[in-house]
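Reader: Please take me closely through one part of this model, a pocket and the elements around it. I should like each term defined where it first appears.

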Amino acid sequence: MIPLSTRMRPDSIDEFVGQTHFMYKGSLFYNSIKNKTFDSAIFFGPSGTGKTTLARIIAKEMDGEFQEINASTTGTKELKEIIEKAKLRFYGLEAKTTYVYIDEFHRWNKLQQDSLLKALEDGIIKFIGSTTENPYFAINNAVISRVRNIYEFKPLSREDIKTIIERTLTDKDKGFGGLNIKYDEDALDILADLSNGDARVALDTTGFIVDNLGDGQKIDKDVIAEAMQRKVGFYDKGDDRYNLLSALQKSIRGSDPDAAIHYFARLIDGGADIQTIGRRLLVMASEDVGMAYPQAISIVTSCVQAALMVGLPEAAINLSQAVILLASSPKSNRSNEAYLAAMADLRNRKIDDVPDHLKDSHFGGAKSLGRGTGYKYPHAYGGYVKQQYLPDNLYKEGKKYYEPTTNGQEKSFKTYLDSLKEK
């Protein structure tokens, strides 16, 4: 039986849901497909966000030959066969370009990836590669340089997921529209939330539920909880996870470990996952504790990694340690404030160029251009030597972005930086 997530793939670009940060009616991406000018691209992002679906839609809209392979099961032998056929099509009577979609492209090694280069340069094929890894690390620079467009696919929003589920329950051709399935709106909200932005999870769970509903039974929150094998305490108790996360962060920022652990327990009891809580704790370690206790980020990272390895329910033990540590630590947000102030200057005013003595001098002719000339190597002066680092206009103003506090260990950094002013 074909999985519901495969069966419900949209047939046209106007039916596609999500990724509205680059794909919407009138966007350059949308227009390039409608105008049949879409070129090669790399799609990267989590599973279930529409990478394969959109690639298939593009090939259909462009009226091109479409070949789809998966890098985890296919090697360069099969790719070379596809390219040879593409040559015949491109230079023959059809004069058509072949679209080659390679899923999980990051699984190929450098040599395998490079086998695409000649065909790309000659225009014989248009390439769409998808990957869950950052392409700037997982894909060869030679390939990236020949693929102008790299699009990041983000987890789908709750509204996007709910739209897809509702379409499935009402679609009479591919979905369950002919079955007149009854459901509670809040049940679909829960399923959309618990799917964590993954349409495949949402659809296949919907299919499992519908296939196994009893006579007269409707989709309610108890059915969703059973299907997902997850607590839905947020909805039973009227708690909102975002309010709880906010209360957790503000309690930690306020150095109240008792309130912090209370809200943490409510998050766990409500069914929050490790990633949701862990991400927020990692942000707090730098945003709220920061330089007052620089080791906090390392300890919290270890706690979150341990929690991911252990899994719930025992993972709560690891995460609770991080919560108590952060709440009990001295606080400073000055590193984050320094970053925000620097970004504000970049966006709101003209900034002079990098001073010549700080520019890269590792190339022929650098000296004649004055690059690196006059730079003083601090280690040759015992670790510090006074010289200009900021761009000219900021240096002349005596611009300061980082203003350390005297809280916790940040006091020692402040003392050191103050001592440099006397040299």
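## The second largest pocket and its surroundings

Author: The second largest pocket holds about 570 Å³ of space. Its lining comprises 22 residues, and those closest to its centre are Pro155, Asn196, Gly197, Thr276 and Arg279. The model is a predicted one, in which local features need pLDDT of at least 70 and side-chain atom pairs count only at pLDDT 80 or more, whereas totals for chains, interfaces and linings use all residues. Residues are numbered from 1 along each chain as its sequence is written, and side-chain values use heavy atoms, with hydrogens and water left out.

A pocket is defined on a 1 Å grid over the protein atoms alone, as an open set of points where a 1.4 Å probe fits, with protein on both sides within 12 Å along at least five of seven lines; a lining residue has an atom within 4 Å of a point. Grid points are joined across faces, edges and corners, and the volume is the space filled by probe spheres set on the points.

Helix 9 (158–170), helix 10 (185–194), helix 14 (241–253) and helix 16 (274–289) are the elements that each give two or more residues to the lining of the second largest pocket. Helices (H or I, at least four residues) and strands (E, at least two) are DSSP runs, numbered from the N terminus. Helix 16 supplies the largest share of this lining, five residues. Sorted by class, the lining has eight nonpolar, seven polar and seven charged residues. Here Ala, Val, Leu, Ile, Met, Phe, Trp, Tyr, Cys and Pro count as nonpolar, Asp, Glu, Lys and Arg as charged, and the others, Gly among them, as polar.

The largest pocket offers a point of reference. About 860 Å³ of space lies in the largest pocket. Its lining consists of 19 residues, with Tyr384, Tyr389, Lys399, Lys400 and Lys421 nearest its centre. Helix 21 (residues 410–420) gives the most to that lining, five residues. By class, the lining of the largest pocket has ten nonpolar, two polar and seven charged residues.

Helix 14, one of the elements lining the second largest pocket, merits a closer view. Its 13 residues should span 18 Å at 1.5 Å a residue, and its end C-alpha atoms are indeed 18 Å apart; the expected span is 1.5 Å times one less than the number of residues. Arg241, Leu244, Leu245, Ala247, Leu248, Gln249, Ser251 and Ile252 are the buried residues of helix 14, where buried means under 20% relative accessible area, exposed over 50%, and partly exposed in between (1.4 Å probe, protein chains only). After helix 14 comes Ser255, with a positive phi near 55°.

Helix 15 (residues 257–270) has 14 residues and reaches 20 Å from its first C-alpha to its last, close to the 20 Å expected. Ala260, Phe264, Leu267 and Gly270 are buried in helix 15. These four lie on the same side of helix 15 because they cover an arc of only 130° around the axis, the arc being that of the directions from the helix axis to the C-beta atoms. An α-helix has 3.6 residues a turn, so residues three or four places apart point the same way.

Helix 17 (residues 296–310) can be described in similar terms. Its 15 residues reach 21 Å between the end C-alpha atoms, close to the 21 Å expected. Ala296, Val300, Cys303, Val304 and Ala307 are buried in helix 17. Seen down the axis, these residues fall within an arc of 95°, so they line one face of helix 17. Val310, in helix 17, is partly exposed, with a relative accessible area of 46%.

Finally, the strands. Strand 1 (residues 41–44) directs Ala41 and Phe43 one way and Ile42 and Phe44 the other, and all are buried. In a regular strand the side chains alternate between the two faces of the sheet. Strand 1 runs parallel to strand 5 (residues 149–152), with four bridges between them; two strands pair if DSSP finds at least two bridges. Ala41 stands opposite Asn149 of strand 5, and Phe44 has Glu152 as its bridge partner there. Four bridges also join strand 1 to the parallel strand 4 (residues 125–131), where Thr131 stands opposite Phe44. Strand 5 itself has a covered face, Asn149 and Tyr151, and an uncovered one, Ile150 and Glu152.
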